[in-house]
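Welcome! Take a moment to look over the sequence and turn the model around before reading on. We will then walk through its sheets together.

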Amino acid sequence: MVGSAPMLCRDDYAHLKPGIDFVLAFLKEARQSKRRGVNILLHGSPGTGKTECARLLAGELLMPLYEAPFMDREGNALDAHRRLQGVMATQVLLEGQSALLLFDEIDAAFNDGSVFSGKLSTAESSKAWVDDLLEQNPVPMIWTANSVRRMDPAFIRRFDLVLELEAPPLCQRERLLEKLCGDALESGQIRRFAQVEAATPAVITRAVSAVERMACPDSARAELLEAVLDGTLLAQGHASVRRVCQGMPADDYDVSLCNADTDLSALAAGIAKTGRGRIYMVGPPGTGKTAFGHWLARTLDRPLVLKRISDIQSPYIGEMEQNLARAFAQAERERALLQIDEVDTWLQDRRNAGRQWEISQTNEFLTQLEAFDGVFIASTNLLEGLDQAVLRRFDYKIKAGYMRPEQARRMLERLLADWRFPAPSGDAASRVEGMKYLTPGDFALLRRRHAVTPFADTRAVLDALHREIALKEIEPRPMGFV
């Protein structure tokens, strides 16, 4: 019997469709009618809470949860065929009892075949037997799988409910972190960790449990938790917490210092009323395009789903289109803003496309964008060569340019005040006014440098800004929309 109590509660499955209440009602009816052939398939990436969901359902129904055997009496692991046999035997032993049976990690039995070699999966090699199990089992069963992509459709159609457990939305990740370590982490730290979509409930709960056993002081809790999370995330092939949160603006981000050709505050107010908007933002690096997405999400009090091109691209034909569809679906599910950076690398004019998959990727993007009824932001450093049909789909095409002289002066004065340096005056003030091609990113760079090797005075700061400008390759012609 699966004895441990669930660590997650109903609220942690608020994103499940149909909801927990409907699944419970379904199982209650099956128990009352003593109906045979009751099966629920829970599938999703590792750590999304499939086994915990089974424990929660059993606990809510006050029914014992038994797990299909995975070891023999000598402690040796059972192969897939013998596990299926064990399920049949357990069904016979539990018949007539009010219980649930869990068959965890069924991938080894249902996904161990190969299309390329023609090898059948273990379940397919005993198809009639497995079909009969799914149609006649006297004890309701919950099956869990990490993937159903290679599962025989004939098996899938025999499940009463097929529920996909995806990574919980941002608000639920924040709630879980608040519940587990709200006393030790500040709200800003919780919000930062919650940004990591790959930090599934299982990853979060295990990392928090490990940190608690290390008996570290509260002042070091956040740093230690990030190190533990990074160890798991990187081993799974995901980005680190720092990489995911890169570009998150500080709470004092000032949109007035972004030199856009559109009133961004008025735009945010309009989007707050309608809940919709398609924004294309173009500008040189460092002009605040990604930061604008974070600011807009915070202004609208909605989460942000930020995707870089590396999150979407794939070497396999057709997988990039699937990744795009998943990104839009995630934004819809979480009622989030969706922002994709560096779109110029794959939304090129289809008339110049040399490969069919380049056309299909753009077509898929247009299809998803047309069906998306939320807020979408595309950002890029370049405008040339983009598909005209793509540009026509955007309600707002915004140019974020280099800072105006008064904007650069205001940001510099803030920076100097933080470091207790005097504001420039006289010739130094004129020198600041004459600076061109500065971006908020340049000032962020100076902050990072000052943290490592502090500047001596105001003049050293101005010299550093001039060196940054000298390194830039300035476009000889203005950038804009026609």
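## Two sheets and their helices

Let's begin with an open sheet of five strands, which follow one another in the order β2-β3-β4-β1-β5 with parallel pairing. At its edges sit β2 (65-67) and β5 (161-164), each of which pairs on one side only. On average, neighbouring strands of this sheet are turned by 20° against each other, direction ignored. Keep in mind that you are looking at a predicted model.

What holds strands side by side in general? Strands of a sheet pair through backbone hydrogen bonds, and the pairing may be parallel or antiparallel.

Now zoom in on β4, a good strand to get to know. Strand β3 (residues 100-103) pairs with β4 (residues 141-145) in the parallel sense, over three bridges. Two residues of β3 make good landmarks here: L102 stands opposite I142, and F103 has W143 as its bridge partner. Strand β1 (residues 39-43) also pairs with β4 in the parallel sense, this time over five bridges. There, I40 has I142 as its bridge partner.

Which way do the residues of β4 point? M141, W143 and A145 point one way, while I142 and T144 point the other way. Are they buried or exposed? All of them are buried. Because five of the five residues of β4 are buried, this strand is largely enclosed by the rest of the structure.

A helix joins the picture too: α3 (residues 80-94) lies across β2, β3 and β4, and runs at about 175° to β3.

Next comes another open sheet, made of six strands in the order β6-β11-β7-β10-β9-β8, and here the pairing is mixed. Its edge strands are β6 (259-260) and β8 (304-307), each pairing on one side only. Helix α16 (residues 319-334) packs on this sheet, where it touches β8, β9 and β10 (375-380). The direction of α16 makes about 165° with that of β8. As for β8 itself, its K307 stands opposite I340 in β9.

Here are three strand pairs to find in the model:

| Strand pair | Sense | Bridges |
|---|---|---|
| β3 (residues 100-103) and β4 (residues 141-145) | parallel | three bridges |
| β1 (residues 39-43) and β4 | parallel | five bridges |
| β8 and β9 (residues 337-341) | parallel | four bridges |

Technical notes
Residues are numbered from 1 along each chain as its sequence is written. This is a predicted model: local features need pLDDT of at least 70, side-chain atom pairs count only at pLDDT 80 or more; totals for chains, interfaces and linings use all residues. Side-chain values use heavy atoms; hydrogens and water are left out. Two strands pair if DSSP finds at least two bridges between them. Axes are lines fitted to C-alpha atoms, for helices over the stretch in contact, and angles run from 0 to 180 degrees between N-to-C directions. Contact means heavy atoms within 4.5 Å. Buried means under 20% relative accessible area, exposed over 50%, partly exposed in between (1.4 Å probe, protein chains only).
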